[in-house]
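Got the viewer open? Here is a walk through the model, one selection at a time.

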Amino acid sequence: MNRVLSWRAVVVGLLVALLPALPFMSKFYLLLAFDALLFGAIAMSLDLLIGYTGLVSFGHAAFFGLGAYSTAILLERGVLSLWACLVAAVLVVGLYALVVSYFATARRGIYFALLTLIFAEVVYTFFRYTQTFGGSDGIQGVPAPRLMPAFAIDTPLRNYYVVLAYLALAYLVCRVLVASHFGKVLVAIRENEDRARFLGYNVQRYKMAVCLISALLTGIGGALYPGRSAFATPDLMLWTVSGEFIIMVMIGGLGTLAGPVIGGAFFVLLQEKVSSYVDWYFMVIGLVLIVIVLFMPRGLLGIRAMLGFKQWRATA
Amino acid sequence: MDYLVAVLLPQLLHGLVFGAALGLLALGLTVIFGLLGVMNFAHGELYMLGAYAGIAVVGVTHSFWTALIVAPLAVGAIGAVTEVTTLRPLYRREPLYGLILTFGLALVFREAVRQIWGGDMRRILPPVTGSTPLLGMVYPNYRLFLLAASSILLLAIWLFFTKTRAGILVRAAVQDAEMLDGLGVNVPRVFTLTFAGSAALAALAGLLLAPIFTVYPQMGVEMILLAFIVVILGGMGSMGGSVVAALVIGLAQSLLTLWMNPQRVAIAIFALMIVVLIVRPRGFFGREGVLE
Amino acid sequence: MKRLTWGFTVLVALAALVWAGAPAVSQPKVVKIGDLGSKVGVFEGYGKYQTWGVQMAVEELNAKGGVLGHKIEVVSEDDETKPAPAVRKAEKLILQDDVKLLVGAVSSGATLAVMDVTKKHKTIHWNSVSCAEFMRTTKFHKYYFSNQPDSRMQANGLAKYIVDKMGKKVYIFYTDYAMGQSDGRQFKTALEKLGGEVVGVAGAPLDTKDFSPWFGAINQSNPDVLFVAFAGTDSLRLMTQLHSFGMTKKYKMAGIDCFLLQQDLASIAEPMEGFVQLNHFSPYNPDANMQAYNARFKKKFGTDANIAAGSYDAVLFWAAAVEKAKSFDPDKVAEAHEGMCVDNTHIGRQCIRKEDHQVVMDMHLYQVKGGKNLPIARIAGSDSIGEAMVGKDPVEGFTWEIKKK
């Protein structure tokens, strides 16, 4: 095994693949696991931007939502092939991401965050009020997509393996990326943008490229969502959803790829479990955030350092 | 001419009232942004706390005017404690941490209020009642009072920042905190007091608007995005810019509603923002190069 | 790659935690029902009363020995008033808790999304609060039932009274999302059918802070009646602002049943004075059934009941259908529901229409006097329910355009 993919990653992957065999993995926990892995993967794609390049995107919910809408629109109109849905999502999200990243990467810091936020709000407002796409109700009750003409992804188990495959692929892409020269340039940009520029790198082009990759990975995740939930609604694109994505990255640990996957899964499970027991679960989430920011800036992965393990830096 | 008097002028007045109130909310936000480089997500919750603190005080003293003094002081104190305990440790870190922290604080404040006062919506009766015939309609006196009060407050704040030593210190801290530190000023104290002042201002806005906008735990989160837009348009860290931008947004919303669907109004405002951010990212009055 | 090992350890620990936190295997002879609604947020008032209605019905049924010899247990979940959490919670209730009945949700968007879950997993689904017109038409399925008058039913009942008694020129002001659009559309259709004139329509976005920019247009079109389709905090804010501009006195006001719930009226009594609302329940209705129900409700929860507490009937209907089917099998229970009547609902005898599973509800028009909803006219359910339109588009050919007379 090379340094991109260690045997440990493979073992973890296989173990997660065997998870459904555990006796307590009911249909419901499979669906919950779907959400956990899906949002974990999305948090990981966002980590490429925040953790490695130092760009805080506050508009990832739009990539997610656009992916979900492209699938839902096709499924609703009888195009059932998962592959067709994925291609459509890649085209739509790619085009939108191209425009957003072109304008947003021209600006630094908070302006990048705000431009992505405002662009996402425009997309949200568009779908919220366009009756062709269901307005505020969104598109509901779409049929399950098909992997092959005779193979519908219509059970929680099948959905689980689809999302697992997506997570594995996304993880590989991200790993290869951060281990490559490209990834090193991204970290250089994060550490000192001007220096990277003086070294002759076209900084904006690098930023646009990583934005595009992150957006596409998120969009593909969105495209898988209607297969599990049967709907796409404007709420998926609310700016608070983008905020949740950032929170997932922070909980897991910036610039670690694996951390945000855990952060996303943790966030989904926390919300699900706590909200069943108490009606003040937003306070729990708020307190978790505050504790993490103040005492565990490395996120959940930082626990290792506290336990005396070797510290690890996000240098790729 | 009839159209002007019967339709346009009332609409302008509506926009002015809303814009002035929005300006109060955005002002504290922009000062904190200039000072700490943090977009304070909890600002909307401080605004909400102001309204609830007002309800508590009115409940005891039955006087809106007392509440108008006590509630901002109370929320200012909460702001000071928050700054010292949670934000101060973060000053040397990346702004992202501050952003996420305030996101968490917002959740905690909102939920705390819901647990204390319940989630039901509440009203505060306006202390100024009745209405005045104006431009062919009856205009509520409280709205006129609100316009006057916000104008006086904005003027007072402007005087504070330009004429008093404390105000000039804050502005200096916004410009260059390290320099100030070098001059022997107790910068952490300036930060704490400024944060408390910004919280008090948000609380004041919350209480002043409560008789018109009603009170409930989510009232802040619904205002904060609009306040962000104002701060960006005005130029982050620019106080005058925020006030101008708030009036522009108030007037634009009110006037565009005459001719457009609400969704087109929303998209028009976002489009304006995108153009501003691309062409002139420092906003109307922001200084060049700030955090770019 | 040590972090991955750790990551996995954390994941496994979490999974174990989740598993340990999962409710123990249910005791024999217990049947669970799910209550899904907004418990946090701007519609939590509606969700709270829905939960109380369900709890009261369950307590009364259990006192009589439960249903089919099973003790009933309620599992309540919050849907955050959004479709995505609503679906996840509905799945949790059905797949994890194995509920045999699901009551919910509060917002139309969430209810529509949940309908796909109950259809897929064959679970009896009662809707007692949300009122979009698609539930008993295009989205209808075998396991879905409703005892909330939807917008079409409400519009039919209200429009007739407005044209006859209040005035023919009406301005429609609605909140621009599913619920308001649906109410505005159905009301416009019903009013125009009865010969009323819509002099203007306008939609304001959800969570509008300041409604005053719309007031000029309303004043200019000079209506007799101002019809408002809003809910929750929007309603409160709108009425406060209309009142301060003197418009609540200038126009006759009318609105939908969820505009403001009874317990909110006390704080806004003056602006709401004279407001006409269509409801199936009011604690101030002298009707013996309603009074008896409200007395029990007040004794238990210390406050008057309201329309959202109609969820009480949903549980009664379901329990009666289970007894009739002698089984919890969803297909048998659904069939037993059809055409069934129950005598002791909170508003007296009610029946479920076989065709679209809508309860044929007798309603009253209420006028607010001193913060109380007092009945002024009775509308028979059969007059307002309209034809069954399963599978048909209830808004086909609709346009917001105003026909000038």
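**Stop one: a strand in chain C**

Start by selecting residues 30–37 of chain C, which form strand β1: six of its eight residues are buried, so the strand is mostly covered. This is a predicted model, by the way, so treat the tour as a look at a prediction. Now add residues 71–78 of chain C, strand β2, to the selection: the two strands pair in the parallel sense over eight bridges. For one rung of that ladder, click C:Val31; its bridge partner in β2(C) is C:Ile72. While you have the strands on screen, keep in mind that side chains in a regular strand alternate between the two faces of the sheet.

**Stop two: the two domains of chain C**

Zoom out and colour chain C in two parts. Domain 1 covers 27–148 + 289–351, and domain 2 covers 152–285 + 363–384. Their centres, taken over C-alpha atoms, are 27 Å apart. Where they touch, domain 1 of chain C puts in 20 residues and domain 2 of chain C puts in 18 residues. To see the domain 1 side of that contact, select α2 (44–63), α4 (108–120) and α12 (288–301) of chain C, the elements that each give two or more residues to it. What sort of residues make up this side? It divides into 10 nonpolar, eight polar and two charged.

**Stop three: chain B**

Hide the rest and show chain B, with its 11 helices and two strands. Following the chain along its sequence, you should meet the pattern α-α-α-α-β-β-α-α-α-α-α-α-α. Its C-alpha atoms fill a box of roughly 60 × 50 × 35 Å along the principal axes. The radius of gyration of chain B is 19 Å, which agrees with the value near 19 Å that a compact globule of 292 residues would have. Of those 292 residues, 54% count as buried. Look at contacts in chain B with a separation of 6 or more, and 77% of them link residues 24 or more positions apart.

Next, pick out the strands. Strand β1 (residues 131–134) of chain B is joined to β2(B) by four bridges, and the two run antiparallel. Click B:Ser131 and look across to B:Pro140, its bridge partner in β2(B). The hairpin has two residues between the strands, and B:Leu135 takes a positive phi near 50° there.

**Stop four: where B meets C**

Bring chain C back. The contact takes 25 residues from chain B and 28 residues from chain C. On the chain B side, select α1 (2–36), β2 (137–140), α8 (187–213) and α10 (239–259), each of which gives two or more residues. Which element gives the most? That is α1(B), with five residues. The chain B side as a whole divides into 12 nonpolar, nine polar and four charged residues.

**Stop five: the nonpolar core**

Show all the chains now. The largest nonpolar core has 339 residues, and those with the most contacts inside it are B:Ile100, B:Ala203, B:Ala227, B:Val230 and C:Phe227. Helix α2 (residues 27–53) of chain A gives the most to this core, with 20 residues. The two domains of chain C take part as well, with at least three residues drawn from each.

Centre the view on B:Ala203. Setting aside neighbours within four places in sequence, its contacts include B:Leu46, B:Tyr47, B:Leu49 and B:Gly50, and also B:Ala53, B:Ala71, B:Pro72 and B:Val75.

**Last stop: chain A**

Finish on chain A, which has 13 helices and four strands. Its C-alpha atoms fill a box of roughly 50 × 45 × 45 Å along the principal axes. The radius of gyration is 19 Å for chain A, in agreement with the value near 20 Å for a compact globule of 316 residues. Buried residues make up 56% of the 316.

Now select A:Thr71, found in helix α3 (residues 60–76) of chain A. Is A:Thr71 buried or exposed? It counts as buried because it has 30 C-beta neighbours inside 10 Å. Beyond its neighbours within four places in sequence, A:Thr71 is in contact with A:Cys85, A:Ala89, A:Pro145, A:Ala223 and A:Pro226. For a last distance, draw a line from A:Thr71 to A:Leu294: they are 223 residues apart in sequence and 40 Å apart in space, C-alpha to C-alpha.

Conventions:
Residues are numbered from 1 along each chain as its sequence is written. Chains are lettered from A and ligands numbered from 1 in the order in which they are written. This is a predicted model: local features need pLDDT of at least 70, side-chain atom pairs count only at pLDDT 80 or more; totals for chains, interfaces and linings use all residues. The radius of gyration is taken over C-alpha atoms; the globule rule is 2.2 Å times the number of residues to the power 0.38. A residue is buried if 20 or more other C-beta atoms lie within 10 Å of its own, exposed if 12 or fewer, and partly exposed in between; C-beta atoms are placed from the backbone. Two residues are in contact if their C-beta atoms, placed from the backbone, lie within 7 Å. Ala, Val, Leu, Ile, Met, Phe, Trp, Tyr, Cys and Pro count as nonpolar, Asp, Glu, Lys and Arg as charged, and the others, Gly among them, as polar. Domain bounds come from an automatic or database domain assignment. A nonpolar core is a set of buried Ala, Val, Leu, Ile, Met, Phe, Trp, Tyr and Cys residues joined through C-beta atoms within 7 Å. Two strands pair if DSSP finds at least two bridges between them.
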